[in-house]
Amino acid sequence: MIDIKKIKLYAENCYADANCTYGDGGSYMIHIDMVVDFLTKHGDVFRYINDSVNTIGAAYCHDLIEDAKQTYYNIYDIAGKNVADITLGVTDVPAKNRLMKHLLTMGKTVQDYRAIILKMADIYCNTKFSKENGNSMYGKYLEEYLYRKPIFQKALIWYKDELNQDELAKIWKELDEINK
C-alpha cells in the first residue's frame, strides 16, 4: 500500500517551492484537497480499493509535472508506478492552443480509467471553485466540458467491469449540475 501522508507532504512541498497558488493567491492545496475530497466521496466508483488509493495518491500529484517541474520519475520514486502512471495520464501535452492541448492529452487520459476519474474530479473542482468565486475561467470550463464529456463517456464503456456504474452515474450527475 502506498503512503498517502508521504505523498501529500511531497506534493505540498513541491507546489509551495514552485510558488503555485490557487484562486486569489491561496495555497495550491486548496485545489488539491478539493480533488481528494471529491475522490474520497466517490471512492466506491472503483471496484478495487487499490484503484481508489492510487487515484487519491495521484490527486495529490496531478499538477506536479505541469506546474511544479517534477518528473514522472520523481513521482515514481515517492509514490510508485501506479500513482506516477495516473499522474502522467492527466498531465497536459504541450500544444499551440488550449483545445489542442486538451485533445492531445485526452488521448493519454482515456487509456487509464483511473486517470479519467481523476480528470473528472479535477474538472468538477475547477468548475465549482470558479463558479462560486466569480472567476473568469468558469466560462472556459463550461465550454471544455462539452467536448470532454462525450469522449470520457465513450472511453469509460471500455472499463465497465472496473467501475461501479451507479457511482459513476452520480459523478456524471454532479458534473452536469455544476456545468449548467
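**A colleague's note on this model**

1. Let's start with one residue: Tyr159 is buried, with a relative accessibility of 12%. The cut-off behind that word is under 20% relative accessible area. Please keep in mind that the model you are looking at is predicted. Tyr159 has an aromatic partner, and we will come back to the two of them in point 3.

2. Now to the aromatic rings. A pair of aromatic rings is described by the distance of the centres and the angle of the planes. How many aromatic pairs does a search of the whole structure find? The search finds nine. In one of them, the ring centres of Tyr22 and Phe129 are 4.5 Å apart and the planes meet at 50°, so this pair is tilted. Tyr22 sits in strand β1 (residues 21-22) while Phe129 belongs to helix α8 (residues 113-132), so their contact ties together parts that are 107 residues apart in sequence. Are these two rings buried or exposed? Tyr22 is buried, at 10% relative accessibility, and Phe129 is buried too, with a relative accessible area of 16%.

3. Back to Tyr159, as promised. Phe129, once more, is buried at 16%. Trp158 and Tyr159 make an edge-to-face aromatic pair, with 6.1 Å from centre to centre and 75° between the planes. The two partners are worth viewing side by side: Trp158 is exposed at 55% relative accessibility, whereas Tyr159 is buried at 12%. Rings can also gather in groups, and one aromatic cluster here is formed by Tyr15, Tyr22, Tyr28 and Phe129.

4. Next, the nonpolar interior. The largest nonpolar core has 55 residues, and the members that touch the most others are Tyr15, Leu64, Ile117, Met120, Leu156 and Leu163. Two or more residues each are given to this core by α1 (4-17), α2 (29-41), α3 (49-61), α5 (72-79), α6 (81-90), α8, α9 and α10 (165-178). Which element gives the largest share of this core? That is α8, with 11 residues. Notice that Tyr15 has turned up twice, in the aromatic cluster and in the core.

5. Then look for an open space. The largest pocket holds about 510 Å³ of space. Its lining consists of 24 residues, and those nearest the centre of the pocket are Tyr28, Asp63, Arg98, Asn126 and Tyr141. The elements that give two or more residues to this lining are β1, α4 (64-67), α7, α8 and α9. Helix α8 supplies the largest share, seven residues. By class, the lining of the pocket has six nonpolar, eight polar and 10 charged residues.

6. What about enclosed space? Rolling a probe the size of a water molecule over the atoms shows where empty space is left. Searching the whole structure turns up one cavity of 30 Å³ or more. The largest cavity has a volume of about 40 Å³. Val90, Asp92, His102, Thr105, Met106, Thr109, Lys119, Arg148 and Phe152 line this cavity. Helices α7 (98-109) and α9 (137-157) are the elements that give two or more residues to the lining, and the largest share, four residues, comes from α7. The lining residues of the cavity divide into three nonpolar, three polar and three charged.

7. A question you may well ask concerns the cysteines: how many disulfides are there? The count is zero. Why does Cys20 not form one? The closest cysteine sulfur, in Cys14, is 9.2 Å from that of Cys20, which is too far for a bond; the cut-off for a disulfide is within 2.5 Å. For Cys125, the closest cysteine sulfur is 16 Å away, in Cys61, and that is too far as well. Cys20 is buried at 14% relative accessibility, and Cys125 is buried at 2%.

8. Finally, a look at the backbone. Most residues other than glycine have a negative phi, and most peptide bonds are trans. Asn19 is not a glycine, yet its phi is positive, at about 60°. Asn19 lies in the loop between α1 and β1 and is exposed, at 64% relative accessibility. Lys69, also a residue other than glycine, has a positive phi near 55°. Lys69 lies in the loop between α4 and α5, and Lys69 is exposed at 77% relative accessibility.

How values were computed. Residues are numbered from 1 along each chain as its sequence is written. This is a predicted model: local features need pLDDT of at least 70, side-chain atom pairs count only at pLDDT 80 or more; totals for chains, interfaces and linings use all residues. Side-chain values use heavy atoms; hydrogens and water are left out. Buried means under 20% relative accessible area, exposed over 50%, partly exposed in between (1.4 Å probe, protein chains only). On a 1 Å grid over the protein atoms alone, a cavity is a set of points where a 1.4 Å probe fits but cannot get out, and a pocket is an open set with protein on both sides within 12 Å along at least five of seven lines; lining residues have an atom within 4 Å of a point. Grid points are joined across faces, edges and corners, and a volume is the space filled by probe spheres set on the points. Ala, Val, Leu, Ile, Met, Phe, Trp, Tyr, Cys and Pro count as nonpolar, Asp, Glu, Lys and Arg as charged, and the others, Gly among them, as polar. Rings of Phe, Tyr and Trp (its six-membered ring) pair if their centres lie within 6.5 Å; planes under 30 degrees apart count as stacked, over 60 as edge-to-face and the rest as tilted. A nonpolar core is a set of buried Ala, Val, Leu, Ile, Met, Phe, Trp, Tyr and Cys residues joined through side-chain atoms within 4.5 Å.
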